Amino acid sequence: MYVLDNVKRNHKKYSPLLNHLVRRVGLFPYIEEDSADWQDRLAVEAFKVDVGEEKDKALHREQSGLLARLLRKESVAVSAPTSFGKSFVIDAFISIAKPSRVLIIVPTIALMDETRRRLYRKFSKQYKIITTTDVDDFGERSIFIFPQERAITYANRIKSLDLLVVDEFYKASSSFDKSRSPALIRAIIRFSAIAKQRYFLAPNISGLKDNPFTKGMEFLRLDFNTVVLRKHDLYKSLNGDKEKKAAELKRLMLNDRVKTLIYAGSHPQVAKVGAILENSQKQAGSFLLTEFASWLEINYAKNWILPRLVRKGIGLHNGQLHRSLSQIQIRLFEDPLEINTIISTSSIIEGVNTSAERVVIWNNKNGSTKLTDFDYRNIVGRSGRMFRHFVGDVFVLEAPPQQQDQQLDLQLPDALLGMEEIESLIPEMSNYQLERISKYEADIDKFFDLRIIKQMQSSGKLQTSDTAIIKKMVVEISSNKKEWQSLANLNSNNVEAWNWILFRVMNLENTGWDAKFGDIVAFVKVISSGWNRTIPQQLQRLSHLGLGIDDFFKLERTVTYKLSTLLGDLNSIHARICPDRGFDISPAVFRMAHAFLPPVVYQLEELGLPRMMSRKIYDAKILIFDDQELTLDTAVSIIVDARALLNKKIFFNPFENYVFGYFIEGVSAVDIPARASNI
């Protein structure tokens, strides 16, 4: 790799000998066919496959072996380095095997969009690519791409699968993601039962313990690297001195043209690193970034650190930003001329498949807990990239965790005990688990018909993957039917009538909330105006609570996901326990789940079109987003067909033209240059 890196940096041609060495180690994609001997060119041809692009592409040796297993209809769970190209194998499989139904479960919305973009450009003419929860017409062939919670809503609608793919499947272990592992295990159980074949992907797993969720799958550990890493243990000379560490970071960042990911580990540390770089970095000088920064100040907040950093070629990545903002920054980071540095929380590990020439580990924590060796290796693996950075540099500013083998232990979470999906696992359960199920079922039966609750779970009408919460809902509603009639207040146009019931609902599940209940309630009432008020106007109405733009993102995520899910399940259970109640809050829950925006506007934002730009389209009367009959597919089709008119009529500014081009690229087969805009 060092030789290849040297040749690339000096713009030299590969010699026949170098090509032969590349062939011997199995890195066929790296061979330069123009300068290779005929034997090596023949080897490259043997490893070329159809991956859904105009030309066949060569796989490396281990990719080819993995693809061969899938084409033989084997089910495999794979652990391989970040730079291996595990996802590339999916593309080749789809192109060659032509399956009718594929479900890909990913850990985050950001990764969902990235996967959708990749597959859309390759397969949208043959497949319907589905990422939202409201599609009933799947077409003859379809590829579903969902996070686990969204996948569960399709539990009763998808009848069979040719291939089930679970990306980052290690998150099914509570050791890695305690809050979301029950939902992933639930999805794995449900869809494995109807899948002809399974392909699970993860990095850095040394072994997979016996478990019922990967039964019938072969575990493959493929330690095959397509890049090489140089580690620089700078922490040894810093001795924990914070001032020295800050000075070292400034020194490293003097060369601000090297694509760099800085792992900061938590939101406070992201802010700290941002402040250090803001005060030390020179202006980036890019017109596009200046336009981006101004756009952020106008549409979000003037006193936000992100616009100030963007002007210096620095971006921020975390799991709370609006999806379109994260996508735009990653796109600008991929552009050689734009963002050169991204400061990130752990979201960069799981939220997106991007890499850099250089990774700086500023902090050895993930939030408030110590960074595990597993996460550390995932972060380190972001350094280097096939065809772009043969050698990646990792600068470690705090002591890394102790190295250890990672045996993945997948167990049935207690939260799922009592779910209908797990009944097939009863013969393998412990006495403790059987007793928990028995108690849960007896407790439910005291208040309501257990069969009805299980039917609601299996049909996807209950999104909560925690039987303790479901039991609490049943007991509460059955015991206080009159009190829970107050759910009807959420249908009122008087937002002050929502106060009591929202507090009551949140108290049902009094852990895992990212904000004070009072702040959440105030936020819900403010954003209930939808897009009739801009985000700066909404922030102004929240200013008396001391809530800023970062709180806005956090609260919006809490409301659209956690609170709306809880309310939706409560509404479903209440309707069954009190069939004569005389109201239904489904429309109110639906609006909350979409941040009180027109639903298609919220969905378009997931696809990369910010709500502010949708507003311009709406104001120009190109699309009537508050039309109840409007679907996402129809809206995308109209926007793509009218893109020339939109550019003329709506007066997108230069930055918005760039974003619009990126959006069009992701939803159509239109080729848009990397710097698509009128800049």
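The paragraphs below go through selected strands and helices of this predicted model.

Strand E3 covers residues 76-79. Val76 and Val78 point to one side of the strand, Ala77 and Ser79 point to the other, and all are buried. E3 is joined by four bridges to strand E8, residues 198-202, in a parallel arrangement. In that pairing, serine 79 is opposite alanine 202 of E8. Four bridges also join E3 to strand E10, residues 218-221, and this pair too runs parallel. Here valine 76 has glutamate 218 of E10 as its bridge partner. Strands of a sheet pair through backbone hydrogen bonds, in either a parallel or an antiparallel sense.

Further along the chain is an open sheet of six strands, ordered E11-E18-E15-E12-E14-E13, with parallel pairing. Its edges are E11 (228-232) and E13 (314-317), each of which pairs on one side only. From one strand to the next, the twist averages 20°. At the E13 edge, E13 pairs with E14 (residues 341-344) over four bridges in the parallel sense. Leucine 316 is placed opposite isoleucine 343 of E14.

Helices pack on this sheet. Helix H11, residues 267-280, touches E12 (260-263), E13 and E14. The direction of H11 makes about 150° with that of E14. Helix H16, residues 373-380, lies across E11, E12, E15 (358-361) and E18 (391-396). Relative to E15, H16 runs at about 145°.

The next element is a pair of helices, H19 (residues 467-479) and H24 (residues 549-577). Their axes are 10 Å apart and the packing angle is about 45°. Angles from 35 to 65 degrees fall outside the roughly parallel and roughly perpendicular classes, and H19 and H24 are therefore oblique to each other. The crossing of the two helices is right-handed. On the H19 side, the contact involves Ile469, Ile470, Met473, Val474, Ile477 and Ser478. These meet Leu566, Asp569, Leu570, Ile573, His574 and Ile577 of H24. By type, the residues of this contact are nine nonpolar, two polar and one charged. An α-helix has 3.6 residues a turn, so residues three or four places apart point the same way.

The last element is helix H26, residues 599-606, which is mostly covered, with seven of its eight residues buried. The buried residues are Val600, Val601, Tyr602, Gln603, Leu604, Glu605 and Glu606. After H26 comes glycine 608, which has a positive phi near 110°.

Technical notes
Residues numbered from 1 in each chain as written. Predicted model: local features only at pLDDT ≥ 70, side-chain atom pairs only at ≥ 80, totals over all residues. Heavy atoms only, no water. Axes fitted to C-alpha atoms, helices over the stretch in contact; angles between N-to-C directions. Parallel < 35°, antiparallel > 145°, perpendicular 65-115°, else oblique. Left-handed = near helix turned anticlockwise from the far one by under 90°. Contact = heavy atoms within 4.5 Å. Nonpolar A, V, L, I, M, F, W, Y, C, P; charged D, E, K, R; others polar. Pairing = 2+ DSSP bridges. Buried < 20%, exposed > 50% of the residue type's maximum accessible area, 1.4 Å probe, protein only.
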